[in-house]
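Got your viewer open? Let's take a short walk through this model, one selection at a time.

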Amino acid sequence: MPTITLQHVTKYYKSDGRKVPAVQDVDLTIQQGEFVFLTGSSGAGKSTLLSLMAGKVKPDRGRVCLDGKDVARIPKWRQQRNLLKFGQVWQEPSLVRRQTVEENLELVGLIGAPEQPGPSHSVENRVRKVIGLVGMQGYEKKYPVELSSGETRRVELARAMINSPPILLLDEITANLDDDNIWDMFHLLTEINRGGTTVVMATHASQYVNLLRRRVVTLVDGHILGDVSKGRYGEIM
C-alpha cells in the first residue's frame with residue numbers, strides 16, 4: 001500500500017524577483033491508513049506540502065517518493081496511473097458550474113474507469129456509491145449554484161473518492177462551513193479512514209483537531225516544528 005515519503009524537500013516561489021522558500025528541508029513519512037492533520041498559520045507551507053505530495057509541483061531540492069519511487073522521475077506514460085492514487089480537494093471550489101452533480105462525478109469517474117469494467121465498477125454505479133457515501137442522494141441533477149457550501153464540499157469529496165484512491169489530500173475542506181457541517185465532515189472522513197484510506201488534511205479547525213487526537217504535523221515558515229501522534233492543534237515536541 002502507498003507510503004508517502006519526503007526527503008529533505010525544499011520548494012521556492014518567486015516574489016518580487018527573488019526566491020522565497022515555501023517549504024524548507026522537510027522530512028516526512030506518512031504510512032498507508034494514517035490520518036494526518038497539517039496545521040500552521042496561513043503561509044506556513046501547508047498547501048505547498050500537499051501539492052508536492054500530489055506531484056502537482058516538483059521540489060527544487062530533495063525527493064518526494066510514493067512507495068519508494070521518486071514522483072519526479074515517473075515516466076509521463078505512467079503519471080496518470082500515479083495520479084489515480086490520490087483523491088484531492090483544494091481550497092477553491094472546482095466543480096464545473098454548467099454540469100450537474102452527476103455529470104461532475106462522471107467526468108472524473110471516466111478517467112479512472114477500468115478497460116473492461118464489470119457492472120459493479122461501471123461509472124454509473126460508482127457515482128451512485130459515492131453519492132450515497134457522502135449523503136447526497138437526490139442531488140444528482142442539481143447544479144453547483146443550487147448547493148450550499150457544505151453540500152458543495154461533500155460533492156467535491158465524492159468526486160475525490162470516485163476512483164477509490166488509497167490517499168486523500170484535503171486542503172481546508174471545512175473552511176467557511178458552520179459547526180454542524182464541520183462536524184459532519186470530520187465524522188465522514190473518520191469513517192473513510194477506518195476503511196483504510198490515508199487522509200492528509202490541512203486545516204485551521206483547531207477545536208476538531210483537538211477532539212479527534214490524530215497525528216498532527218505543525219508547520220512554521222515552511223519548517224516542520226511539530227510531529228505528534230494523537231496530538232493537539234499546533235502542538236510542538
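Start by selecting helix H5: its 13 residues reach 19 Å from the first C-alpha to the last, close to the 18 Å expected at 1.5 Å a residue. That expected span is 1.5 Å times one less than the number of residues. Helices (H or I, at least four residues) and strands (E, at least two) are DSSP runs, numbered from the N terminus.

A quick word on what you're looking at: this is a predicted model, where local features need pLDDT of at least 70 and side-chain atom pairs count only at pLDDT 80 or more, while totals for chains, interfaces and linings use all residues. Residues are numbered from 1 along each chain as its sequence is written, and side-chain values use heavy atoms, with hydrogens and water left out.

Stay on H5. Is it mostly covered or mostly bare? Mostly covered: twelve of its 13 residues are buried, meaning under 20% relative accessible area (exposed is over 50%, partly exposed in between; 1.4 Å probe, protein chains only). Among them are Arg-153, Val-155 and Leu-157. Now show strand E6 (86–89), H3, H4, E7 and H6, because the buried residues of H5 pack against these, with contact meaning heavy atoms within 4.5 Å.

Next, pick Leu-157, Leu-168, Leu-170 and Leu-189, which touch the most other members of the largest nonpolar core, a set of 36 residues. Such a core is made of buried Ala, Val, Leu, Ile, Met, Phe, Trp, Tyr and Cys residues joined through side-chain atoms within 4.5 Å. Several elements each supply at least two residues of this core, including strand E3 (35–39) and strand E8 (198–202). The largest share, six residues, comes from H6.

Zoom in on Leu-170. Leaving out residues up to four places away in sequence, Leu-170 touches Leu-50, Val-89, Leu-157, Leu-189, Val-199, Val-200, Met-201 and Ala-202. Apart from the largest core lies another, of 27 residues, with Val-26, Leu-49, Met-53 and Leu-169 among them.

Leu-49 takes you to helix H1 (residues 46–54), where eight of nine residues are buried, including Leu-49 and Met-53. Right after H1 comes Gly-55, with a positive phi near 80 degrees.

Now for the hairpin. Strands E1 (residues 4–15) and E2 (residues 18–30) pair in the antiparallel sense over nine bridges; pairing takes at least two bridges found by DSSP. Click Thr-5 and then Thr-29, its bridge partner in E2. Between the strands sit two residues, and Asp-16 takes a positive phi near 55 degrees in this hairpin.

Last stop: Leu-212, in helix H7. Its C-alpha is separated by 37 Å from that of Lys-14.
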